[in-house]
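Visitor: I am new to this structure and would like to know what the terms used for it rest on. Please show it to me and then take my questions.

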Amino acid sequence: KMAAAAGAAAAAGLWSEVNRCGQNGDFARALKSVNKILQINKDDVTALQCKVVCLIQNGNFKEALGVINTHTKVLTSDVIAFEKAYCEYRLNRIESALKTIQSASQQTDKLKELYGQVLYRLERYDDCLAAYRDLIRNSQDEYEEERKTNLSAVVAAQSTWEKVVPEDLGLREATYELCYNSACALIGQGKLNEAMKKLQKAEELCRQSLSEDSDVTEEDIEAELAIIHGQMAYIMQLQGRTEDALQLYNQIIKLKPTDVGLLAVIANNIITINKDQNVFDSKKKVKLTNAEGVEHKLSKKQLQAIEFNKALLAMYTNQADQCRKLSASLQSQSPEHLLPVLIQAAQLCREKQHAKAVGLLQDFADQHPANAAEIKLTMAQLKIAQGSVTKACMILRSIEELQHKPGMVSALVTMYSHEEDIDSAIEVFTQAIQWYQQYQARTNHGCCVFQPKSPVHLSLIREAANFKLKHGRKKEAISDLEELWKQNPKDVHTLAQLISAYSLVDPEKAKVLSKHLPSSDTMSLKVDVDALENSHGATYVRKKAGKLTGDNQQKEQGQGEVKKKKKKKKGKLPKNYDPKVTPDPERWLPMRERSYYRGRKKGKKKDQVGKGTQGSTTTGSSELDASRTASSPPTSPRPGSGAAVSATSNVIPPRHQKPAGAPATKKKQQQKKKKGAKGGW
């Protein structure tokens with residue numbers, strides 16, 4: 001009895017210590033006291049609960065969960081459901097946390113709060129929205145502002161990832177968190193300018209809120225603003241202001257924020273700006289996306305986008321095996337997604353395996369008919385790159401949901417025209433026009449209000465008629481033009497085209513139709529000719545008549561319309577002109593074309609310098625043989641033939657012979673120069 005009494009007294013003292021430490025927030029010391037209590041009574045439920053709470057407060061979630069799982073008989077789900085679910089949530093065991101919450105017999109307010117957080121992490125946004133609305137409606141405490149912030153975050157996530165138009169929650173944006181979430185929702189709707197204004201307001205509210213605390217430094221404020229600035233940079237990137245976005249992204253990275261999710265998103269966005277350029281910087285940035293814990297901070301679509309960009313970066317850096325490995329992993333995670341197979345096809349094309357790439361795309365199109373249209377467009381592009389335009393046309397025409405679209409019709413007609421396959425081009429027009437006729441019949445049968453001919457339908461008929469006229473298919477074009485004219489008998493342009501076509505086929509019919517043309521009186525336009533001539537850009541401007549005074553008026557009246565004769569200027573004669581000498585009749589011809597032209601006098605030997613191997617001479621050995629000199633002098637060249645001397649002639653023409661004594665005079669001049677020169681010794 002005395003031992004039991006002593007134990008009870010010691011336990012009471014320890015409980016007082018636990019209570020005091022809990023109030024002071026000293027949970028490490030409280031944990032020591034709780035452990036002493038458990039030494040006295042190891043199955044004390046209250047002590048075990050306190051131990052779990054102390055471990056949670058100290059951040060030891062794994063150890064706390066271990067205590068709960070070890071004492072399952074004592075710590076039942078009714079007693080400690082919240083603490084267990086919270087530990088699982090913090091350990092990123094989100095599915096387990098959801099099961100623990102759902103298995104609890106009583107749903108307390110704490111469990112409902114945690115339930116909302118778990119649903120948000122599982123990206124079940126509709127259920128999460130309903131949970132927070134219920135919490136806000138049925139609770140009144142100091143955490144109402146935090147609940148509203150979480151509610152706005154759910155709406156922003158729906159707008160961004162599910163493209164749901166957010167409803168107006170009527171929340172007063174008094175905090176920077178609410179402004180930020182509102183901006184994210186606007187980005188999801190594509191309202192970038194409005195989103196930027198919201199972010200600027202959020203930045204202002206954040207500075208005001210944090211500057212009121214004297215302990216907060218400017219660095220702390222900048223760290224808190226990093227996520228707002230990151231979203232601003234993202235808007236700039238979407239608006240095409242990549243240089244501004246890149247600058248702001250790099251500023252945030254220099255701050256070294258502790259949020260690994262923020263750093264991963266910014267690094268990924270920089271990689272998308274770099275694309276296939278600056279790959280060294282991209283390889284450095286991709287390391288930030290591999291940081292520990294990133295997968296728990298970002299949504300599934302964000303993580304998927306990062307993995308796609310990793311695969312593309314591997315392709316751009318010629319890491320073919322890595323690219324194939326990443327794209328195959330992505331395809332196994334999302335078999336219906338287009339990007340993994342497109343990346344694999346692009347890698348094969350870089351390796352010049354175009355046929356294999358087309359086969360890969362064809363297999364994917366067969367397995368996933370819902371995405372076949374986009375895949376077939378890519379296949380057609382590959383065929384065009386290979387020069388197989390006709391095969392590309394066949395692939396495009398197999399896309400049933402697009403074959404009647406004006407853009408597709410235009411592309412097919414252009415490609416067939418390039419291949420000079422006019423019949424196939426006309427067939428494309430015919431099929432598209434028939435599709436619109438059948439569509440009209442279906443909608444009219446269903447009592448739908450529908451125009452007799454839609455603008456797209458009429459446009460196709462007109463383009464078909466113009467195409468047929470251009471390629472000489474006048475009879476086929478006439479039927480299209482008649483159809484257009486029936487739809488709008490007042491269309492003068494169509495009637496003119498129809499008359500022009502009939503004039504080449506049936507002139508009598510053209511004359512009959514020409515009677516439907518409006519008369520020239522009705523077609524006259526009220527045009528101010530003077531205003532038109534004086535307008536800016538007129539090619540002809542009529543000069544205004546000047547005032548005539550005095551003698552000028554008399555001359556005009558007396559002489560009438562006599563035009564003044566211009567005086568002819570005397571031609572200028574050359575300075576060395578001699579009237580006694582007859583001018584050269586060939587003076588108007590270029591010098592090379594004159595009969596007495598003998599070619600250039602100087603520099604003829606310069607053309608021969610440097611030709612042949614080193615040490616060789618330009619003349620043959622036969623030319624140096626005096627015994628083989630020609631016995632008769634060469635004849636003079638014919639007039640007009642120039643001074644072309646045969647390469648085998650060894651006789652120097654008189655014009656090229658040097659005067660006697662020339663070498664001697666040259667030596668004398670050199671001697672004089674030597675005498676006058678100053679020595680440099």
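Guide: A residue is called buried under 20% relative accessible area, exposed over 50%, and partly exposed in between (1.4 Å probe, protein chains only). This is a predicted model, in which local features need pLDDT of at least 70 and side-chain atom pairs count only at pLDDT 80 or more, while totals for chains, interfaces and linings use all residues. Residues are numbered from 1 along each chain as its sequence is written, and side-chain values use heavy atoms, with hydrogens and water left out.

Visitor: Why does K163 count as exposed?

Guide: K163 has a relative accessibility of 61%, so it counts as exposed. K163 lies in the loop between α9 and α10 (176-189). Helices such as these are DSSP runs of H or I with at least four residues, strands are runs of E with at least two, and both are numbered from the N terminus.

Visitor: What is the phi of K163 near?

Guide: The phi of K163 is near 55 degrees, a positive value in a residue other than glycine. E123 also is not a glycine and has a positive phi, of about 60 degrees. E123 sits in the loop between α7 (109-121) and α8.

Visitor: Why does E123 count as partly exposed?

Guide: The relative accessibility of E123 is 23%, which falls between the two cut-offs, so E123 is partly exposed.

Visitor: What makes R124 and D127 a salt bridge?

Guide: The term requires a side-chain nitrogen of Lys or Arg within 4 Å of a carboxyl oxygen of Asp or Glu. The side chains of R124 and D127 meet at 3.0 Å, N to O, so the pair fits the definition. R124 is partly exposed at 31% relative accessibility, and D127 is partly exposed at 37%.

Visitor: How many salt bridges does a search of the whole structure find?

Guide: The search finds 19. One of the pairs is R147 with D141, whose closest N and O atoms are 2.7 Å apart.

Visitor: Is R147 buried or exposed?

Guide: R147 has 5% relative accessibility, under the 20% limit, and therefore counts as buried. Its partner D141, with a relative accessible area of 31%, is partly exposed.

Visitor: Which parts of the chain does the salt bridge between E222 and R207 link?

Guide: The closest N and O atoms of E222 and R207 are 3.1 Å apart. The pair links distant parts of the chain, with E222 in helix α12 (residues 218-238) and R207 in helix α11, 15 residues apart. E203, R207, E218 and E222 are linked in a network of salt bridges.

Visitor: What makes a patch of negative charge on the surface, and which residues gather in one?

Guide: Patches are made of residues with over 30% relative accessible area and no salt bridge; like charges are joined within 9 Å, and nonpolar side chains (Val, Leu, Ile, Met, Phe, Trp, Tyr) within 5 Å. Asp and Glu count as negative, Lys and Arg as positive, and His and the chain ends are not counted. E142, E145, E146, E177 and E224 gather in such a patch. Among them, E142 has a relative accessible area of 62% and is therefore exposed. E142 is in the loop between α8 (125-138) and α9 (144-161).

Visitor: What does the UniProt record give for residues 226-259?

Guide: The unreviewed UniProt entry carries the annotation "repeat: TPR" for residues 226-259; such annotations may be inferred rather than shown by experiment. In the model, residues 226-259 are 76% helix and 0% strand, with the end C-alpha atoms 10 Å apart.

Notes: Accessible areas come from the Shrake-Rupley method with a 1.4 Å probe; for residues, only the protein chains shown count as cover. The place of a charge is taken as NZ of Lys, CZ of Arg, CG of Asp or CD of Glu.
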